[in-house]
Amino acid sequence: MTTERPLPLRLTQELTDKELFVQNSGIVNFQFVPDRPDGNLTIAETGKHIPFPIERAYWINSLKAREAVRGKHAHKELEQVIVCVNGSFRLHLDDGTTQQDIVMDTPKIGIRLGAMLWHEMTNFSPDCVILVLASAPYNEADYIRSYDEFINTLTEEIKA
Ligand code: TYD
């Protein structure tokens, strides 16, 4: 018997949070200024687009290995917004109950990665560049890097 996997969500301007089935996530529509023939400009402002004061930004490139995988963790408290500023990748989200895959292929739309949301990134195009805006400085103690621990932590939160 084959298990049916839902089709990955495609990012479009019409998309709303209703199409995101996972908890602790959301669609972020950035301000977009087409500046042809001199390129495009996309803007993220705290308060308008980013639901937290940005305390850290990091970006990921050089994703040429076909088998490259990033993420594979959740955060206890950190809030982030992830955006594919160039190329494309597959974002896998898992809130412990529901899983959803998203094709990240536009710099105009970001995805909110709230606390306690397991996320994995794969299927990078060779030219992929990812930008992440975060609510706090780097803190390894905020990471949950084991999926079993993630599920156990959620179960304990429900019990408490
Ligand atoms: P990690 O967050 O696991 O990367 P990703 O989610 O993109 O797969 O981080 C990889 C390594 O980089 C890890 O050793 C921690 C370090 N790191 C920092 O020192 N500061 C940071 O802001 C980040 C995001 C990672």
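Colleague: In this structure, does Cys128 count as buried or exposed?

Modeller: The model is a predicted one. Relative accessible area is the quantity to consult, and a residue counts as buried under 20%. Cys128 has a relative accessibility of 1%, so Cys128 counts as buried. Cys84 is likewise buried, its relative accessible area being 1%.

Colleague: How many disulfides does a search of the whole structure find?

Modeller: A disulfide is a covalent bond between the sulfur atoms of two cysteines. A search of the whole structure returns zero disulfides.

Colleague: Why is there no bond from the sulfur of Cys84 to the closest cysteine sulfur?

Modeller: The criterion requires the two sulfur atoms to lie within 2.5 Å. For Cys84 the closest cysteine sulfur belongs to Cys128, and at 4.1 Å it is too far for a bond. Taken from the other side, the closest cysteine sulfur to that of Cys128 is in Cys84, again at 4.1 Å and too far for a bond.

Colleague: Let us turn to aromatic rings. How many aromatic pairs does the count come to?

Modeller: A pair of aromatic rings is described by the distance of the centres and the angle of the planes. Here the count comes to five aromatic pairs. One of them joins Tyr147 and Phe150, with 5.7 Å centre to centre and 50° between the planes, and this pair is tilted.

Colleague: In which element do Tyr147 and Phe150 lie?

Modeller: Both belong to helix H1, which spans residues 147-159. Tyr147 and Phe150 are three residues apart, about one turn of the helix. Their accessibilities are worth reading as well: Tyr147 is partly exposed at 32% relative accessible area, whereas Phe150 is buried at 0%. Ring pairs also link Tyr147 and Phe150 with Trp118 in a cluster.

Colleague: Which residue lies over the face of Phe32?

Modeller: That residue is Lys108, located 4.2 Å from the ring centre of Phe32.

Colleague: I should like to consider backbone geometry next. Which peptide bond is cis, with omega near 5°?

Modeller: Most residues other than glycine have a negative phi, and most peptide bonds are trans. In this model the bond from Arg36 to Pro37 is cis, with omega near 5°. Pro37 sits in the loop that runs between strand E3 (31-34) and strand E4 (40-43).

Colleague: What is the phi of Ser62, and where does Ser62 lie?

Modeller: Ser62 has a phi near 60°, which is positive in a residue other than glycine. Its place is the loop between strand E5 (56-60) and strand E6 (70-75). Ser62 is exposed, with 59% relative accessible area. Asn123 also has a positive phi, near 55°, and is a residue other than glycine. Asn123 occupies the loop between strand E11 (118-122) and strand E12 (129-134).

Colleague: Which residues are around the ligand?

Modeller: They are Arg56, Tyr58, Ile60, Arg70, Gly71, His73, Tyr138, Tyr143 and Arg145. Polar distances add detail to this list. A side-chain N or O atom of Arg56 is 2.5 Å from an oxygen atom of the ligand. For Arg70, a polar side-chain atom lies 2.9 Å from a ligand oxygen. With Gly71, by contrast, the backbone supplies the polar atom, 2.7 Å from an oxygen atom of the ligand.

Colleague: Away from the ligand, with which side chain does the side chain of Asp101 make a polar contact?

Modeller: The partner is the side chain of His92, at 2.5 Å. Asp101 lies in strand E9 (residues 99-104) and is buried, with a relative accessible area of 12%.

Colleague: Where is Arg112 placed, and how far is its C-alpha atom from that of Ser135?

Modeller: Arg112 belongs to strand E10 (residues 109-113) and is partly exposed, at 23% relative accessible area. The C-alpha atoms of Arg112 and Ser135 are separated by 11 Å, with these positions 23 residues apart along the chain. A further case is Gln13, in the loop between strand E1 (9-10) and strand E2 (25-29). Gln13 counts as partly exposed at 43% relative accessibility, and its C-alpha atom is 16 Å from that of Val85, 72 residues apart along the chain.

Colleague: Finally, which residues does the UniProt annotation cover?

Modeller: An unreviewed UniProt entry carries the annotation "domain: Sugar 3,4-ketoisomerase QdtA cupin", covering residues 24-153. Over residues 24-153 the chain is 5% helix and 47% strand. The end C-alpha atoms of that stretch are 15 Å apart.

Note on methods:
Residues are numbered from 1 along each chain as its sequence is written. This is a predicted model: local features need pLDDT of at least 70, side-chain atom pairs count only at pLDDT 80 or more; totals for chains, interfaces and linings use all residues. Side-chain values use heavy atoms; hydrogens and water are left out. Buried means under 20% relative accessible area, exposed over 50%, partly exposed in between (1.4 Å probe, protein chains only). Rings of Phe, Tyr and Trp (its six-membered ring) pair if their centres lie within 6.5 Å; planes under 30 degrees apart count as stacked, over 60 as edge-to-face and the rest as tilted. Helices (H or I, at least four residues) and strands (E, at least two) are DSSP runs, numbered from the N terminus. A charge sits over a ring if NZ of Lys or CZ of Arg is within 6 Å of the ring centre and within 35 degrees of the ring normal. UniProt positions are given in the numbering used here, feature names are shortened, and annotations may be inferred rather than shown by experiment. A residue is near a molecule or strand if one of its heavy atoms lies within 4 Å of it. A polar contact is a pair of N or O atoms within 3.5 Å; within protein, one must be able to donate a hydrogen and the other to accept it, and residues adjacent in sequence count only if both atoms are side-chain atoms.
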